[in-house]
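Trainee: I should be grateful for a close look at a single part of this structure, with its neighbours taken in turn.

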Amino acid sequence: MATSTNGLGGSFVDENPLANSVYDDGLDPWSSTPSPVPTTIPTNNPSSSITFSSVIADATVPDIYNRAFGAVDSTGLGETSVNSLSRILTTSNLPASTVDRIVNLVSSRPRVSKLEFFVALALVALAQAGKDASIEQVAALASQNALPEPTLDLDRLPASNSTFSSMPPYRQNSVDPWGAAARYNFPPQNPSAAVGIGPPPGPLTSGLSNGAQSALSGTGLPPEWWKRQESVRVIILGQQGFILNRYTVYEITTESGVTVTRRYSEFVYLWEVLTRRYPFRLFPALPPKRIGPDEHFLEQRRRGLQRAMNFVINHPILKEDGVLGVFLTVPSFEAWRKQTSVSLDEESMSKKVDRVEEMSIPSDFEEKITVVRTRLGPLIEQWQRICILAERIIKRHEAAAVRTPKALRRSFLPTHFALPNFSPISTSFSLPGSAASLDQSMLGLRQPASEEQGDLSRLTNTLRAVIEVNEHCWRGDECDLSNGVRQGLDRFATHAQRHSDLSEGRMRVLLDTTLESLKAQRDLYIATRDLLIRNDRLSVDQVERLKKRVETTSVKLDGIKAAAKEGWQEEAERLTAIIEKDQGTIAAQLSRRVFIRVCLWNELRIMLHNRENTLVTQAVKIFAREEQEHAENVLRNWVSLGEAVENMPYE
């Protein structure tokens, strides 16, 4: 990793675009060590000591297991909520008391893993067959590779009552401020035709050239640009390859409707090209790679890849890059790479700065750069803290009726973000070790360790079990009081389920929109730090040394001419050629100096200043509007319950 004496820390190096990343959790990113797991919550279940990985082991699960899990984990998180598990189990036609017992048997937390979900389905199958529904029985069947197949009617799966979508609306016909949709409207017919996506190569480049040839003065943002941001969606398709060479495949979809599949290594190649071509432009780092990643790590990386792609396709210069266009359109990127010569020449070799652009740089430019440098460290630390706190708060939102015991606190911490020591506030403050003090000092939360955990989804299951038990009055005759109370409890269970759905849907939107906006803001400041470090390292030139060499050579040339010894003309011509070459190099490097300054000024003035302010405004307004809508839906739900139980009898 490159180092710098400017106090900004590490950054990109040419050979490795992953040299700096906020995704590292303090572990070696190339380690096979799995991601940290949440602290296990103590439970009274006798089978709690049996880990579900050992229960299922290597048994083959029936197809219905994966289909059922896919129905409630469409985003590929590798886990789902207790509410979603309960909705799946209600399609089994088992008594509510049995469903409630199975849910509480497999998990005492608001969320369940895929393995816990599979164990629950196995328990359902055993209960449906009238057999002993115990985890020990599931383990015995798994050891024989004979996991039972439950009967589930997934077609009548109760739909979530949430009015919020799990993903932000996908705009197919949005206004495109820079005309990128026209470029990506359809993929080329063959890899060789993809070369036409970029501009024709100039005299200083070969193969596919780097971006548009337009002047820098045309890179300002249009009015209300924040309403017309392009978006790219990245999802995980799954694993491919053999055991020793397995890799994750991602599906990338642009707003123009083009869908391509890419490996992580192809993202890395694209970033290597962008780093070499545009070293003085602002763009974020890629999330890292890890040997043997778990599902949580892969999901964090998917989100990081999506944020990085959304940044570059909305950059007025980077969006024009030909290789980026190919990456988003050509079906086989690897085949295209083998058939195409890609230029890695720096942007300054093919673009020139006119006098107007040069004069646009303010006289106090260096002072402004210094101010930005001094602010980056604190901003990165504070936005990192905001992201961690927001993620914890959002995950608490999922179970709105939960009071979380101390044993569960660590499970709310993001698994793949390590918060650095905060200075000058404290030299020893870090997470997760100081989670309790952070809760109390910043959030004002004090949660008693003795308080039992419960949520509305489990409450719903238990209420339905009570209704089943009291289906007939114990007196044996028709009892209006018992019937009326039972109907009231049933309506209470229905509205509790609806509230749980609302909370779960709201949490998913918060994770997909609000939290990603906060992380994008943090990424912006880290990208700015990286830009300044690259500038310190790569803007160095040889102008002063070459000027001295030209002076020395000129003195030598004058001496040869004055002496006029035999054959002096040939030596004079040689020295003259050296002087002319050095002077040409000096002119080119001075031009590059100006280009770099214009680049930095535009990146700070256009990209940093606009995005750090406008996108925060947009995120806050969207958050406020959606929170209001969520609160109104919750209020309507409980008002509806009050109206439904108005005539619930007392006698």
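The discussion that follows concerns one sheet and the helices placed against it.

Trainee: In which order do the three strands of the open sheet lie, and which helices pack on the sheet or lie across its strands?

Mentor: Please bear in mind that this is a predicted model. The open sheet has three strands in the order β3-β4-β5, and their pairing is antiparallel. Its edge strands are β3, residues 232-240, and β5, each of which pairs on one side only. On average, neighbouring strands of the sheet are turned by 25° against each other, direction ignored.

Let us begin with β3. Eight bridges join β3 to β4 in the antiparallel sense. Among the positions in this pairing, Arg 233 has Thr 253 of β4 as its bridge partner.

On the other side, β4 (residues 247-254) pairs with β5 over five bridges, again in the antiparallel sense. Here Ile 252 stands opposite Val 260 of β5. The hairpin formed by β4 and β5 has four residues between the strands, and Gly 257 in this hairpin takes a positive phi near 95°.

Strand β5 itself, residues 259-263, shows two faces. Val 260 and Arg 262 make up the covered face, whereas Thr 259, Thr 261 and Arg 263 make up the uncovered one. Val 260, the residue opposite Ile 252, thus belongs to the covered face.

Now to the helices. Helix α8, residues 264-277, packs on the sheet and touches β4 and β5. The direction of α8 makes about 90° with that of β5. Helix α9 lies across β3 and β4, and runs at about 145° to β3.

Helix α9 (residues 295-312) also leads away from the sheet to another partner, for it packs with helix α16, residues 480-538. The axes of α9 and α16 are 11 Å apart and meet at an angle of about 60°. Because angles between 35 and 65 degrees fall outside the parallel and perpendicular classes, α9 is described as oblique to α16. The crossing of these two helices is right-handed.

The residues of α9 that meet α16 are Gln 300, Arg 303, Arg 307 and Phe 311. On the side of α16, the residues met include Arg 508, Leu 511, Asp 512, Glu 516 and Lys 519. Further along α16, Ala 520, Arg 522, Asp 523 and Leu 524 also take part in this contact. Helix α9 therefore has contacts with α16 as well as a place across β3 and β4.

Definitions and conventions
Residues numbered from 1 in each chain as written. Predicted model: local features only at pLDDT ≥ 70, side-chain atom pairs only at ≥ 80, totals over all residues. Heavy atoms only, no water. Buried < 20%, exposed > 50% of the residue type's maximum accessible area, 1.4 Å probe, protein only. Pairing = 2+ DSSP bridges. Axes fitted to C-alpha atoms, helices over the stretch in contact; angles between N-to-C directions. Parallel < 35°, antiparallel > 145°, perpendicular 65-115°, else oblique. Left-handed = near helix turned anticlockwise from the far one by under 90°. Contact = heavy atoms within 4.5 Å.
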